[in-house]
Amino acid sequence: MSAIEQDIAALKTFAPLNPPRRYLFGPGPSMVDPRVYAALSKPIVGHLDPYFIQVMGDIQQLLRMAFGAHEGSTLVISGTGSAGMEAAVANFVEPEAKFAVFANGYFSDRIAEMGKRHGAQIARFEKPWGETFADAEAAEFIRREKPKVVAYVHAETSTGALQPGQAICAAAHDAGAMVIADCVTSLGGLPVNFDQTGIDVAYSCTQKGLSCPPGLSPMAISSRAWDWLAKRTSPVRSWYLDLKLIHDYSTVSHRYHHTAPISMFYALREALLVIAQEGIEQRWERHRRSHQAFVQAAEAMGLHLHVAAGQRIPTLNTVSVPLGIDDGKVRKHLMDEAGIEIAGGFGPLAGKVFRIGVMGPLATEENVQFFLKEFAKALKAEGYSN
């Protein structure tokens, strides 16, 4: 039998796709609404078809609601949240420019690395993973460094810490700097308040608070940022992520830029409609209540959260691993016995925290209680008692 015949014979043994049922209580991806799955199955049209242009326009309008961005504009990058991060850096961080990064987790480290690769001078304000920056110290850092661009992570996925941005934005604007905000874990589950906070460029993803499959990166861009970009003298080093070209394709002339993933845009439109029909403020409140219920029950079990009260992301809880407990075995027990996925820590928090997402369809009191019951069983199976 030839090698080709062997390959063909092997292919015949492949079973049809039948993914296992999982409860996605990790930091992302989150559970997907059935309406979003249905949208993915709709017939595709061309990426220059008037219908698809309308879909992009609908998404831009719905994203204004989700971001709280009514003064600037919104668009979508064909790529995951890291593509949105790279787009923000590539367009607004020029070679040799000073780029100030509030570094307190994995994703602030990633944006600093991207800035370094784009030739920027990086100024880092370091905090231990899980801590946040006070208004006064953040403002002092910016006044001292006098950067051209400032970046912070609004909701740090690696730690569960929520960073307020108003003082950062105010100090940056006083210094004449642009502000980039990572809203990957916040969009859709808690207020971003793009306009009110004073953010210039925000990026996110589809697979967390928006409860959509991964694959796109929604962005919000202020009028101030567009003015800055229009005056940029050096070319953006990334052609694919050039925001002026993407904006022209998606909003202005609709001239071809790239072949957008049509079905993913259908899915994002439907996910945003689900949010709009629930009511964005009602959705935020549902997530807040679910977070409170989770924290109260976890503390009643004798567990502790890694991030201090008042600085926690409502959609993502980092629970400290009890002394003597193997977090990997607990996570395996949850997966094997209940089909529940959660994540562990990494970097400085490896083996020290469980990262537990309560977002989207799972952000209800019933689902929180279901998870905690199974979590208690898994902990007990590994020897934990409070």
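These exercises work through a predicted model of one protein chain.

## Exercise 1. The chain as a whole

**Task.** Find out how the radius of gyration of the chain agrees with that of a compact globule, and describe what surrounds that value.

**Solution.**

1. Start with the length. The chain has 386 residues, and a compact globule with that many would have a radius of gyration near 21 Å.
2. Compare. The chain has 22 Å, which agrees.
3. Add the box. Along the principal axes, the C-alpha atoms fill roughly 60 × 60 × 50 Å.
4. List the elements. There are 14 helices and 14 strands in the chain.
5. Turn to burial. Buried residues make up 56% of the 386. The cut-off for buried is under 20% relative accessible area.
6. Look at the surface. The chain exposes about 16900 Å², and carbon and sulfur atoms supply 54% of that area.
7. Finish with contacts. Take those between residues at least 6 apart in sequence: 72% of them join residues at least 24 apart.

## Exercise 2. The largest cavity

**Task.** State which residues line the largest cavity, and sort them by class.

**Solution.**

1. Use the general idea. Rolling a probe the size of a water molecule over the atoms shows where empty space is left.
2. Count. There is one cavity of 30 Å³ or more.
3. Give its volume. The largest cavity holds about 70 Å³ of space.
4. Name the lining. It consists of M56, I59, Q60, L75, V76, I246, Y249, S250, H258 and F265.
5. Assign elements. Helix 3 (50-67), strand 2 (73-78) and helix 10 (243-252) each give two or more residues to this lining.
6. Sort by class. Seven of the lining residues are nonpolar and three are polar, with no charged residue.

## Exercise 3. The largest pocket

**Task.** Work out what kinds of residue line the largest pocket.

**Solution.**

1. Take the volume. About 330 Å³ of space lies in the largest pocket.
2. Take the lining. It has 17 residues, and R21, R22, M31, V32 and Y37 lie nearest the pocket centre.
3. Split by class. The lining has 12 nonpolar residues, two polar and three charged.

## Exercise 4. Three buried residues

**Task.** Place A39, H247 and A260 in their elements, and decide for each whether it is buried or exposed.

**Solution.**

1. A39 belongs to helix 2 (residues 34-40). Its relative accessible area is 7%, so A39 is buried.
2. Beyond its neighbours within four places in sequence, A39 contacts Y266, A267 and E270.
3. Check a distance. A170 is 131 residues from A39 in sequence, and the two C-alpha atoms are 41 Å apart.
4. H247 sits in helix 10. With a relative accessible area of 18%, H247 is buried, because the cut-off is under 20%.
5. Outside four places in sequence, the contacts of H247 are S73, L75, W226 and V252. L75 also appears in the lining of the largest cavity.
6. A260 lies in the loop between helix 10 and helix 11 (262-278). A260 has a relative accessible area of 4%, so this loop residue is buried.
7. Leaving out neighbours within four places in sequence, A260 touches H47, F52, S78, Y249 and F265. Y249 and F265 also line the largest cavity.
8. Check a second distance. A260 and F346 are 86 residues apart in sequence and 33 Å apart in space, C-alpha to C-alpha.

## Exercise 5. Backbone exceptions

**Task.** Say what sets the backbone apart at P29, K146 and N193, and locate each residue.

**Solution.**

1. Recall the rule. Most residues other than glycine have a negative phi, and most peptide bonds are trans.
2. Inspect P29. The peptide bond from G28 to P29 is cis, with omega near 5°. P29 falls in the loop between strand 1 (23-24) and helix 2.
3. Inspect K146. Its phi is near 50°, a positive value in a residue other than glycine.
4. Locate K146. The loop between helix 6 (135-145) and strand 5 (149-153) holds it. K146 has 61% relative accessibility, so K146 counts as exposed.
5. Inspect N193. Phi of N193 is near 50°, again positive in a residue other than glycine.
6. Locate N193. It is in the loop between strand 8 (178-182) and helix 8 (194-197). At 27% relative accessibility, N193 counts as partly exposed.

Conventions: Residues numbered from 1 in each chain as written. Predicted model: local features only at pLDDT ≥ 70, side-chain atom pairs only at ≥ 80, totals over all residues. Heavy atoms only, no water. 1 Å grid on protein atoms, 1.4 Å probe; cavity = no way out; pocket = protein on both sides within 12 Å on 5 of 7 lines; lining within 4 Å. Points joined across faces, edges and corners; volume = space filled by probe spheres on them. Helix = DSSP H or I, 4+ residues; strand = E, 2+ residues; numbered from the N terminus. Nonpolar A, V, L, I, M, F, W, Y, C, P; charged D, E, K, R; others polar. Rg over C-alpha atoms; globule rule 2.2 N^0.38 Å. Buried < 20%, exposed > 50% of the residue type's maximum accessible area, 1.4 Å probe, protein only. Contact = heavy atoms within 4.5 Å. Areas by Shrake-Rupley, 256 points an atom, 1.4 Å probe, with all protein chains shown as cover.
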